[in-house]
Amino acid sequence: MKHLIDPTDLSREETDCIISLAEDIIRHKERYRDALRYTKLATLFYEPSTRTRLSFTSAMMELGGNVLGFSDARNSSVSKGETVSDTVRVVENFADIIAMRHHLEGAPLVASSVSGVPIINAGDGSHAHPTQTLTDLLTIKRELGHIDGITIGFCGDLKFGRTVHSLIKALSRYAGIKVILIAPDELRLPGYIKYDVCERNGVDYREVKTIEEVIGELDVLYMTRVQKERFLDEEEFDRVKDSFVLDCEKLKGAKEKMAILHPLPRVNEIRPEVDADPRAAYFRQVGNGKYVRMALIYSLLKWKDDSNHSMPEHKEWFESDRYRCPNSKCICNHEAVRPLFREGGAGRVRCVYCDTIVSNK
Ligand code: CP
């Protein structure tokens, strides 16, 4: 069975297959109208969402299926203390596939370890957001005609921006990708993405401080919101919240065919005046999210009993009681889960649930 917890759970071929299917669905919507009749998707959302939850719902409805679930875990038995594992063991009786968003990093991975139906990570804390990645890849393909060979600038909150982490991971499997990281010191990309993903896969990346110095190089400008809800210190948020604001003036040196993406919601990092620019692709990106989720749900259900589409083997993971994950937002510090770790470069060890460097107990 195939779950989607991390973008690299899909091979490059599977990713391309889902994107091509989404394009076919866009061209021939009527062919897919009844494709998943009598099939049920459960949306378990422990954290707020507009686009992801509604696009999953709309996607399933367009495929002729049904949707159940919760958008506020306080109205479920989670409020009585039910664990992620137990919740999933219950919900798999009622649904054929589950999309889960959780504020705790690694929660969808825990869900996948006990589930008899495919689990889709709809965003876990500041860790990963693989269905936004599929949305972004489809948008880049539709806006530019190709994904290989692009230069992409990620701007804003690269520390907590889970969509950035997941998209860089996915792009690391395409040819000739150049990544430019535009962020203040406080919001720089986590080390595991730079070292484990970019350096190990030979992705050309560099870090800069302003949009203006690189705008002319970019095929894609990926703007992000500074995520207030992830900060432990409000003063630090106030210091960096307005680090980057994209306006028409800053776009003057940009390529004519550049695409501006943003996972949304935006706060003030893109001025409304930019919306009228033909390169502003972020509302078209939202629409792509529905089609790519239709393709994903359809594919995961089709692949469920196909041994050619199983989860990647993680031979590098090991179980140990020697280490402690320091991340208070990791599921391993909230529920009893298997203590799983992996080698994290330079003799360090990382938690597999949240990718944080761990310490000895
Ligand atoms: N892009 C995204 O994940 O939006 P929501 O938080 O509204 O789902």
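1. Let's start with the largest pocket. It has 38 lining residues, and those nearest its centre are Asp6, Asp9, His314, Glu316 and Trp317. The elements that put two or more residues into this lining are α4 (107–114), β4 (119–124), α7 (191–199) and β12 (340–343). Helix α4 gives the largest share, five residues. The space inside comes to about 1,000 Å³. Sorted by class, the lining holds 15 nonpolar, 11 polar and 12 charged residues. Keep in mind throughout that this is a predicted model.

2. Next comes the second largest pocket, with a volume of about 470 Å³. It is lined by 22 residues, and Ser126, Lys159, Phe160, Asn327 and Thr356 sit closest to its centre. Here the split is seven nonpolar, seven polar and eight charged.

3. Now the ligand. Which residues are around it? They are Ser49, Thr50, Arg51, Thr52, Arg101, His129, Gln132, Pro263 and Leu264. In terms of class, that shell is made of two nonpolar, five polar and two charged residues.

4. Some of these neighbours make polar contacts with the ligand. Arg101 has a polar side-chain atom 2.9 Å from a ligand oxygen, and Gln132 has a polar side-chain atom 3.0 Å from a ligand nitrogen. With Pro263 the backbone does the work: one of its polar backbone atoms is 2.8 Å from a nitrogen atom of the ligand. How much of the ligand's surface does the protein bury? On its own the ligand would expose 260 Å², and 92% of that is buried by the protein.

5. There are also enclosed spaces to look at. The count is three cavities of 30 Å³ or more, and the largest has a volume of about 80 Å³. Its lining consists of Arg51, Thr52, Ser55, Gln132, Thr135, His262, Pro263, Tyr282, Gln285, Val286, Gly289 and Arg293. You'll recognise some names from the ligand shell, including Arg51, Thr52, Gln132 and Pro263.

6. Which helices supply the lining of that largest cavity? At least two residues come from each of α2 (51–62), α5 (130–144) and α9 (282–302). Helix α9 has the largest share, with five residues. By class, the cavity lining has three nonpolar, seven polar and two charged residues.

7. On to the aromatics: searching the whole structure turns up seven aromatic pairs. Take Tyr46 and Phe70, whose ring centres are 5.4 Å apart with planes at 80 degrees, so the pair is edge-to-face. Tyr46 belongs to the loop between β1 (40–45) and α2, while Phe70 is in strand β2 (residues 66–70), so this pair ties together parts that are 24 residues apart in sequence.

8. Two backbone details deserve a look on screen. The peptide bond joining Leu264 and Pro265 is cis, with omega at about 5 degrees. Pro265 is found in the loop between β9 (259–261) and α9, and Leu264 is one of the residues around the ligand. The other detail is Tyr38, which has a positive phi, near 70 degrees, without being a glycine. You'll find Tyr38 in the loop between α1 (12–27) and β1.

Definitions and conventions:
Residues are numbered from 1 along each chain as its sequence is written. Side-chain values use heavy atoms; hydrogens and water are left out. A residue is near a molecule or strand if one of its heavy atoms lies within 4 Å of it. A polar contact is a pair of N or O atoms within 3.5 Å; within protein, one must be able to donate a hydrogen and the other to accept it, and residues adjacent in sequence count only if both atoms are side-chain atoms. Accessible areas come from the Shrake-Rupley method with a 1.4 Å probe; for residues, only the protein chains shown count as cover. Ala, Val, Leu, Ile, Met, Phe, Trp, Tyr, Cys and Pro count as nonpolar, Asp, Glu, Lys and Arg as charged, and the others, Gly among them, as polar. On a 1 Å grid over the protein atoms alone, a cavity is a set of points where a 1.4 Å probe fits but cannot get out, and a pocket is an open set with protein on both sides within 12 Å along at least five of seven lines; lining residues have an atom within 4 Å of a point. Grid points are joined across faces, edges and corners, and a volume is the space filled by probe spheres set on the points. Helices (H or I, at least four residues) and strands (E, at least two) are DSSP runs, numbered from the N terminus. Rings of Phe, Tyr and Trp (its six-membered ring) pair if their centres lie within 6.5 Å; planes under 30 degrees apart count as stacked, over 60 as edge-to-face and the rest as tilted.
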